[in-house]
Amino acid sequence: MEKNKGKRKKYVAHNQKCAYLFLLPSMFILSVFVFVPLIASFVISITNMNIFMKDVSFAGLKNFIQLFKDSRVSNATFNSLYFTLLEVPLQIGLALLMTVCLAKNNRYCKLLRSIYYLPFVCSMTAIGIVWSMLLDPNMGLFAYWLKQAGFDTIAFLKDPKWAMPTVIAVTAWKGFGYTLTLMAAAVLNIPQSLYEAADMDGAGGFQKFIHITIPGIWSTISFCIVTSTIGAMQMFDQAYVMTQGGPLNKTETVVQYIYDRGFQTAPYNLGYASAISVYLFVIVAVMTLVLRKFVLNRGEGADE
Amino acid sequence: MSKRKIRLSTVAGYVFTLLAAVTVLIPILWLLVSSFKTDAGVIKFPPEFFPEEWTLYQYLYVGDSIPIFKMTKNTVVFAGGVTVLSLLFDSMAGYAFARMRFRGSKLLFSIILLTMMVPFQIIMTPLYIEVYKFHLLDTYLGLILPRATSAFGIYMMSSFFSGLPKSLEESGRIDGMSEFRIFRSIMLPLCKPALVSLGIFHFMNNWNDLLYPLMLTSSQNKRTLSAGLAVLVGNKVIKYGPTLAATMISLAPLLILYIFCQKYFTEGVATSGIKE
Amino acid sequence: MKKKIVSTLLCAAICLASLAGCGGGAQGGQDTASNAPAGTSVETADGQTETAADQAASGEKITLEFWNVFTGSDGDILRQIVDNYNSINTDNIEIQMDIMPNDQLQQKLPAAIATGTAPDIVLFGVENLAPYVSNDSLEDISDFWEVTGVDKSNILDNVLELSHVNGKLYGTPMQYNVTYLYWNKDLFRDAGLDPEKAPETLDELAEYAEKLTDPSKNQFGLALPTNVTYMQFLWANGGDADDPETNRNLLDSKENLKTLEWLQDLTVNKKVSPSSITGPEADTMLQAGQIGMYMSGPWQINGLRTQGIDFGIAPCVAGSAGAFSPAGGCSYVIPKGVDEEHRLAAYKFMQYWLTDDILKEWSQKNGFPVWSKTLMEDSEIQNDEVLNSISKATEIGRPYNLGYSLASQIDKDVMIPLFETVMTGAATPEEALKKASQAMDGVLAQ
């Protein structure tokens, strides 16, 4: 590592220009189509403004004060965290477990990996419709089968206690195949020689997994953790299609509440909706920073 | 002793993976066969897995209601354009972050990550106004451009590039290649599996996206397939039969493409193993 | 090989980008009229400028963009009517219809109005009128009767009233609806009830619902979705939610408490309804013959007919104060900023809709009540069995927070949560009412 550093310094000056050139298209598009709207919504959050964009006035911190008093904001924050803290470990854990079984390039493993990927191809809308039809406690096929089999069925999406776990399960069901594909690709890229060396040292399967596989795919794992956490904190589609936030607001997430305030319920208070999204933005940013610090440090530690 | 243990765990692995495969397949199979049910068949109680009477009625109904072919064409142009452009831009940016040192790299990378944290719903209205000001509303360019790069893609490519051995570009530099040639001739071919997987990801996301294309197009003729099919999901009354058929229609091209790409994809992974 | 892939990729990217640009431009040129946003001077995607008036003068087509939320089967019938209008009208008007789900329309339309890219006609629920008008986003069309010569006295007053805000006309009626009580005659027979007699009072409703419920058959007496409001029950006992005139909170009353206790008994103790069901799910169960009785709008009729359910339609049941049913409807409106030319063309289409032939077609095909006085005399209409049974049910229609800009917030933040809490048994009616009353105070304070 130290040796490389010295060598690389020579390229820095030359690299600098090149690097900016490489970044130019992406930075341009992101600035125009993401940063500008983002800054716009930050500005909107300190105004009184609805989606008709007429009669705009300065609101100061009014919207932010209001959101800390709003019990639906705290409820939605709880729901988003609940979803994230269960869904991300479930999806990544499941994918890791599968990786152990399926990170080989024989026919069986390839076929199963393709099958698992299948739900990921489908839109969340489609998945949501299918699962809510299958799990409907009165008319659904799965609920009916369970009843026929003599199980005391739960109402899944209709039960305030079970709605969120059901949404989590469906999300993990949809996404684990993708995570698995990424991880399997990473595992297959680990040089075989490492495993052979470990074999000679007499390491068992579990030890090899902990000491070779995990460090070898750590950058992929940390990528998966960070991106799925960010994604999960913004959960919207699933609940929008399957539960509309209900029953009793038990699946209403922050983004859903933002959508409801800004676009679904008159007086379509865009200022307030933007304030909540700034609040969400801060939460996610802090979570990501902590995660990156924690996850990346461990990764680098494992590298040495 | 250890042989026995391995065998047991292998069997457990097979059972576990097969069970999971069944769980994955049943709902999708149900969707497929149910799209051939009659209206009465879809809502029948007690429910049945296979239709009593197979019918193409739901597909014909969907075909009558919306211009499927035009919408499919729009979707291909939109999702395809976004995929090609963002693969290029994402991998360029990802490469810069992973393999080049420059001032502000950490800061820039954090800023890019921040853009992933913005719920799309909230930037939608400002974006609409922006696209309108550029006179790009209701055009393909206006649909493609805002999506032509993504923080997710940049992050993914950069984490892939940083996993590659460091000696690779050194040899290119020793040969006197330019940075762009190194990127093009050495690095890009190596990341074929990552590119394919990111490409599929982008293509599918944009193919399936509903709100974004619906907002930025203002006539049915410019609408994408999934946004167009959303019209069939009733407002006051949901027609489940056509909804299922519509879902299958929007899914079918992706499934075909996926089966096609999957082969390419696993092969790509196998051949790109680092030979050192 | 590897190089080839990369260069292909690059080429494709460049080609696609330029193609997309060209494609967009060319298309923009062709569809100039359809792109034409509000305002006399129109800038299209490729920067071409022309005026709507020029188009008309040169005898060109006037294209009207028409957005609506008719996504279900009634959308098919609307599409037929519009297609037919396009082919027969002599004013060279072409209507381009764009259907989208209500949520998306609500997200898109205000931004479109603000940027001057709004359509020429919008068709949506009358509950939207007040918030749009209070944001100055709809055209005042009070001159409609004078310009078109349509006789407004031929339209029932309560229907016409739905399109007014603060005494001004902002839309023309498209359809009118109240909530009916549907019942499944076969299930009535099986339960030993008279299949031709619907319940008339709250007590009868509860009694019938209990008799019709049979968990072993997965059959429920009365479907009560938890994502809607039940003003008909509150009103039946003399209660109410709020007074839009005086901004007063009327929730916390003995009458309402009595109604809610009755409702909770029905759902939590007697379990006559599937729990936590949504409207569309209840529709499905009704069509599958699993539901004895259900309260909903006219849009159920088509589905029930196609599923061959033997059903009846009755007015909402009465309580101690009488029988009432919440009224609603849809109106054609013109977004703010539409120019004179397009506005007059839009008037023509609205006028066409208000002819008895079209209203008759709509009512007969969809089962929506008739509100044109001359059409009510029509013999075919008078002999239509379904339309006959709903005309009685329509008489008890009562507007609810009409023209009140807080209406949708009261519904979503106060009333729906109140009913959901009571019907799922999450709180006692007293607690739920108290909480809802506080929430109502919060909303009304705005």
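Biologist: Which residues of helix α5 (residues 105-115) of chain B are buried?
Modeller: Happy to start there: this is a predicted model in which local features need pLDDT (the predictor's confidence in each residue, from 0 to 100) of at least 70, side-chain atom pairs count only at pLDDT 80 or more, and totals for chains, interfaces and linings use all residues. Residues are numbered from 1 along each chain as its sequence is written, while chains are lettered from A and ligands numbered from 1 in the order in which they are written. A buried residue has 20 or more other C-beta atoms within 10 Å of its own, an exposed one 12 or fewer and a partly exposed one a count in between, with C-beta atoms placed from the backbone. By that test, the buried residues of α5(B) are B:Phe109, B:Ile112 and B:Leu113.

Biologist: What arc around the axis do they cover?
Modeller: The arc is taken over the directions from the helix axis to the C-beta atoms. These buried residues sit on the same side of α5(B), because the arc they cover is only 100°.

Biologist: How many helices and strands does chain B have?
Modeller: Helices (H or I, at least four residues) and strands (E, at least two) are DSSP runs, numbered from the N terminus. From the N terminus on, the elements of chain B run α-α-α-α-α-α-α-α-α-α-α-α-α-α. The count for chain B is therefore 14 helices and 0 strands.

Biologist: Which element of chain B has the lowest mean pLDDT?
Modeller: Chain B averages 83, with 90% of its residues scoring at least 70. Over residues 267-276 of chain B the pLDDT is below 50, and this stretch has 18 contacts beyond near neighbours in sequence. Among the elements, helix α7 (residues 140-144) of chain B has the highest mean, 93, and the lowest, 73, belongs to helix α14 (residues 240-271) of chain B.

Biologist: Which peptide bond of chain B is cis, with omega near -5°?
Modeller: Most residues other than glycine have a negative phi, and most peptide bonds are trans. The proline of this bond, B:Pro46, lies in the loop between α2 (39-42) and α3 (57-65) of chain B. The cis bond runs from B:Phe45 to B:Pro46.

Biologist: Is A:Asp55 buried or exposed?
Modeller: A:Asp55 has a positive phi of about 50° although it is not a glycine. Its place is in the loop between β1 (47-48) and β2 (57-58) of chain A. Because A:Asp55 has 11 C-beta neighbours inside 10 Å, it counts as exposed.

Biologist: How many residues do chain A and chain B bring to their contact?
Modeller: Two residues are in contact if their C-beta atoms, placed from the backbone, lie within 7 Å. On this basis, the contact takes from chain A and chain B, respectively, 71 residues and 74 residues.

Biologist: Which helix gives the most to the side of chain A that touches chain B?
Modeller: By class, this side has 50 nonpolar, 19 polar and 2 charged residues. Here Ala, Val, Leu, Ile, Met, Phe, Trp, Tyr, Cys and Pro count as nonpolar, Asp, Glu, Lys and Arg as charged, and the others, Gly among them, as polar. The top contributor, with 21 residues, is helix α1 (residues 2-44) of chain A.

Biologist: Which helix gives the largest share of the largest nonpolar core?
Modeller: A nonpolar core is a set of buried Ala, Val, Leu, Ile, Met, Phe, Trp, Tyr and Cys residues joined through C-beta atoms within 7 Å. The largest has 295 residues, and those with the most contacts inside it are A:Ile276, C:Leu181 and C:Ala223. Its largest share, 16 residues, comes from helix α7 (residues 163-188) of chain A.

Biologist: How far apart do the C-alpha centres of domain 1 and domain 2 of chain C lie?
Modeller: Domain bounds come from an automatic or database domain assignment, which divides chain C into domain 1 (61-176 + 329-386) and domain 2 (180-326 + 404-444). In their contact, 12 residues of domain 1 meet 9 residues of domain 2. The C-alpha centres of these domains of chain C are separated by 30 Å.

Biologist: Which residues of chain C have a pLDDT below 50?
Modeller: Chain C has a mean pLDDT of 85, and 87% of its residues reach 70 or more. Where pLDDT is low, the predicted coordinates should not be read in detail. The stretch in chain C with pLDDT below 50 has 93 contacts beyond near neighbours in sequence and covers residues 1-57.
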